[in-house]
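Visitor: Please pick a single part of this model and go through it closely. Then relate that part to the rest of the chain.

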Amino acid sequence: MPAKPRLCFLINPKSGTDRRQDVPALIARHLDHAAVDHEIRFTQHAGHAEALARQAAAEGFRTVVAVGGDGTVNEVGRGLLGTATALGILPRGSGNGLARHLQIPLSLPAAVQRVCRPTFQRIDVGHINGHAFFCTAGLGFDAHVSRHFAQAGTRGLSTYVKVALREYRHYRPTAVMVTLNGQTLQTDCYVLAFANAAQYGNNAYIAPLADIRDGLLDVCLIDALPFGRAVRVGLGLALGNLPASGAAIFHTSNHIHVQTAAPLGFHIDGDYVGEAHDFEVALTPLALEVAT
Ligand SMILES: Nc1ncnc2c1ncn2[C@@H]1O[C@H](COP(=O)(O)OP(=O)(O)OP(=O)(O)O)[C@@H](O)[C@H]1O
């Protein structure tokens, strides 16, 4: 009989809003023990999941399952780049953008069952200034909000909305020069988002037409956000019709260069990284295998 595929679950104990849940017991209860063998490991600190994932790949696990939100998924995905091991997801974050895009069940029992008998497929991987992202990256207000969200003390959609409304009153756009597809745009930047997947998470669709396997990033530019347009953007995100709303401009490209008049913050998959003046954004087609 051929050996059963081995799954390594990497649990971020700090993710999610329900910390009382006994995740290892839940995995053991719902796992299809006839189909797979498994091990469970915990992250000890931020950034740890990348090294743990790389180590599990070296040990020959078929799939490393990120148990957490998009931050944990990003770390595990980074660790698996260039390996023969696939990324699985047990969504436990507040946004779960990549899991939602890949239609992985949001209920943990259903997601555990699915990862035992998955479909394997490859997805594109974005890079911004050398940082890999799988869902979205961005400059401007969305990065500014993720920076303040990280300091808010509580997580979840309501905290995110509260932080966004508070910061909206102070935030001002920055002049930028964006080069893509052989043309250069001089514009203000309130938000410049690079979407590999269609949504930020929580079904907030920044680029509803984004295809994670087409070799292209969907680039969404919002140059200014007066109140009337902010309402249209909010509705467009929620209803998935931002392109038709006229409140944002869209391009597709696999390589974008951005220079900014002042240092601008950026995020990868919702986690704030820092500020830069110059951004190289590119896409590597089908660089990561995922279990969906
Ligand atoms: N053991 C740990 N202790 C402290 N922080 C950790 C640990 N393991 C991972 N982290 C960090 O926790 C951060 C948040 O995790 P993650 O994004 O997975 O969950 P979340 O914030 O609940 O979900 P979402 O991003 O969907 O809101 C990640 O940036 C990760 O680096």
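**A covered helix and its surroundings**

Guide: The buried residues of helix α6 are F141, D142, A143, H144, V145, S146 and F149. Here buried means 20 or more other C-beta atoms within 10 Å of the residue's own, exposed means 12 or fewer, partly exposed lies in between, and C-beta atoms are placed from the backbone. Helix α6 spans residues 141–150 and is mostly covered, with seven of its ten residues buried. Helices (H or I, at least four residues) and strands (E, at least two) are DSSP runs numbered from the N terminus. Residue numbers start from 1 along each chain as its sequence is written. The model is predicted: local features need pLDDT of at least 70, side-chain atom pairs count only at pLDDT 80 or more, and totals for chains, interfaces and linings use all residues. The protein averages a pLDDT (the predictor's confidence in each residue, from 0 to 100) of 95, and 100% of the residues score at least 70. The model scores are ipTM 0.94 and pTM 0.95.

The buried residues of α6 pack against β7 (136–140), α7 (157–168), β10 (191–195), β13 (255–268) and β14. Contact means C-beta atoms, placed from the backbone, within 7 Å. Strand β14 is also among the partners of helix α5, whose buried residues pack against β1, α1 (23–30), β3 (63–68), β4 (86–91) and β14. In α5 (residues 108–116), the buried residues are A111, V112, R114, V115 and C116.

The protein is divided into domain 1 (6–118) and domain 2 (131–285), with bounds from an automatic or database domain assignment. Their C-alpha centres lie 26 Å apart. Between the domains, 15 residues of domain 1 are in contact with 20 residues of domain 2. On the domain 1 side, α3 and α4 (97–101) each supply at least two of the touching residues. The largest share, six residues, comes from α3. By class, that side has three nonpolar, nine polar and three charged residues. Nonpolar covers Ala, Val, Leu, Ile, Met, Phe, Trp, Tyr, Cys and Pro; charged covers Asp, Glu, Lys and Arg; the others, Gly among them, are polar.

The largest nonpolar core (buried Ala, Val, Leu, Ile, Met, Phe, Trp, Tyr and Cys residues joined through C-beta atoms within 7 Å) has 84 residues, of which L10, V64, V65, L87, A195 and I206 touch the most other members. Strand β14 (residues 271–291) gives the most to this core, with six residues. Both domains give residues to the core, so it lies between them.

Two of its well-connected members can be placed further. L10 is found in strand β1 (residues 6–11) and is buried, with 26 other C-beta atoms within 10 Å. The C-alpha atoms of L10 and V67, 57 residues apart along the chain, are separated by 5.8 Å. Neighbours within four places aside, I206 is in contact with T136, A193, A195, Q199, Y200, C220, L237 and L242.

Last, the ligand. It is surrounded by 25 residues, the closest being S15, G68, G69, G71 and G93; a residue counts as near if its C-beta atom, placed from the backbone, lies within 6 Å. This shell draws at least three residues from each domain. Helix α3 (residues 70–80) gives the most to it, with four residues. The shell divides into two nonpolar, 18 polar and five charged residues.

Definitions and conventions. Contact = placed C-beta atoms within 7 Å.
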